[in-house]
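Welcome! Take a moment to look over the sequence and the 3D view before reading on.

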Amino acid sequence: VDCSGPVHVSGAFQCGGKLMAGELHCSGSVRVQTDLTSGPINASGGLHVEGSLKGTEVRSSGSLRVDGGVEADSFTTTGSVRVDGMVNAEQISIRLWDKCQVGAIGGSKVLVTQSPTTGFLSGILRNNVGSLTCDSIEGDEVDLTAVKAGVVRGVNVVIRNGCDIDQVEYTGTC
């Protein structure tokens with residue numbers, strides 16, 4: 001699919017090849033069997049890209065699965081994320097609801113937080129809050145919660161609750 005304008009998906013959509021769009025808005029289940037290239041990407045529900053994902057602004061809520069890497073100006077996700085390659089973006093914000101996995105993360109500002117459970121089910125779900133496993137994280141400003149990583153490098157690094165980091169390298173503050 002090659003579209004210079006917006007692509008809107010509501011429901012289930014499968015693209016047997018590459019998807020290129022001026023912008024992508026999807027709710028429901030979307031599967032792209034190779035690469036996805038777009039301007040802004042706004043996905044709620046499930047998005048599975050079997051190749052790499054490139055977009056100016058990537059926003060995902062629900063389940064995001066990328067078999068390759070992600071390249072964007074900003075990357076924001078809430079829910080479950082699995083990226084086999086690297087997430088490379090200027091601004092990265094990952095809000096964890098489930099167990100997540102990313103090969104590597106690189107950006108100027110990297111923020112990983114847990115989504116708090118509230119309301120009636122909070123007592124039941126409290127032990128199931130999200131976590132992120134990652135080989136390496138690099139950024140100027142790095143703020144991490146519930147992350148298991150081999151190496152974290154940055155200028156200013158904040159390591160919060162639930163982290164298991166093998167090695168931290170910083171040039172400013174930690």
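The report below walks through salt bridges, surface patches and one glycine.

## Before you start

What you see is a predicted model. Residue numbers start from 1 along each chain, following the sequence as it is written.

## Salt bridges across the chain

Let us begin with the charged pairs. The structure holds 9 salt bridges, and a few of them are described here.

One of them joins glutamate 50 to arginine 31, with the closest N and O atoms 2.5 Å apart. These partners come from distant parts of the chain, 19 residues apart. Glutamate 50 sits in the loop between strand E4 (41-49) and strand E5 (53-66), whereas arginine 31 belongs to strand E2 (residues 19-32). Glutamate 50 counts as partly exposed because its relative accessibility is 26%, which lies between the 20% and 50% cut-offs. Arginine 31 is also partly exposed, at 34% relative accessibility.

Another salt bridge brings together the side chains of aspartate 143 and arginine 160, at 2.7 Å from N to O. This pair, too, links distant parts of the chain, with the two positions 17 residues apart in numbering. You will find aspartate 143 in strand E8 (residues 131-144), and arginine 160 in the loop between strand E9 (147-159) and strand E10 (164-173). Is aspartate 143 buried or exposed? Aspartate 143 counts as buried, because its relative accessibility of 18% is under the 20% cut-off. Arginine 160, in turn, is partly exposed, with a relative accessible area of 44%.

## A salt-bridge network

Some charged residues are part of a wider arrangement. Which residues are linked with Arg65 in a network of salt bridges? They are Asp67, Arg82 and Asp84.

Within this group, arginine 82 and aspartate 84 form a salt bridge whose closest N and O atoms are 3.2 Å apart. Arginine 82 has a relative accessible area of 36% and is partly exposed. Aspartate 84 is partly exposed as well, with a relative accessible area of 36%.

## Patches on the surface

Now turn to the surface, where a nonpolar patch is made up of Ile159, Val168 and Tyr170. Together, these residues have about 240 Å² of accessible area. Tyrosine 170 is part of strand E10, and it is partly exposed, with a relative accessible area of 44%.

There is also a negative surface patch, formed by Glu71, Asp73, Glu90, Asp140 and Glu141. Strand E6 (70-96) and E8 are the elements that give two or more residues to this patch. Which element gives the most to the negative patch? That is E6, with 3 residues. Aspartate 140, for its part, is found in strand E8 and is partly exposed, with a relative accessible area of 38%.

## Around glycine 55

Finally, have a look at glycine 55, which lies in strand E5. Glycine 55 is buried, because its relative accessible area of 10% falls under the 20% cut-off.

What does glycine 55 touch, leaving aside residues up to four places away in sequence? Its contacts are Ser38, Gly39, Ile41, Glu71, Ala72 and Asp73. Two of these names, Glu71 and Asp73, may be familiar from the negative patch. For a sense of distance, the C-alpha atoms of glycine 55 and alanine 89 are separated by 9.8 Å, while these two residues are 34 residues apart along the chain.

Methods: This is a predicted model: local features need pLDDT of at least 70, side-chain atom pairs count only at pLDDT 80 or more; totals for chains, interfaces and linings use all residues. Side-chain values use heavy atoms; hydrogens and water are left out. A salt bridge is a side-chain nitrogen of Lys or Arg within 4 Å of a carboxyl oxygen of Asp or Glu. Helices (H or I, at least four residues) and strands (E, at least two) are DSSP runs, numbered from the N terminus. Buried means under 20% relative accessible area, exposed over 50%, partly exposed in between (1.4 Å probe, protein chains only). Patches are made of residues with over 30% relative accessible area and no salt bridge: like charges are joined within 9 Å, nonpolar side chains (Val, Leu, Ile, Met, Phe, Trp, Tyr) within 5 Å. Accessible areas come from the Shrake-Rupley method with a 1.4 Å probe; for residues, only the protein chains shown count as cover. Lys and Arg count as positive and Asp and Glu as negative; His and the chain ends are not counted. The place of a charge is taken as NZ of Lys, CZ of Arg, CG of Asp or CD of Glu. Contact means heavy atoms within 4.5 Å.
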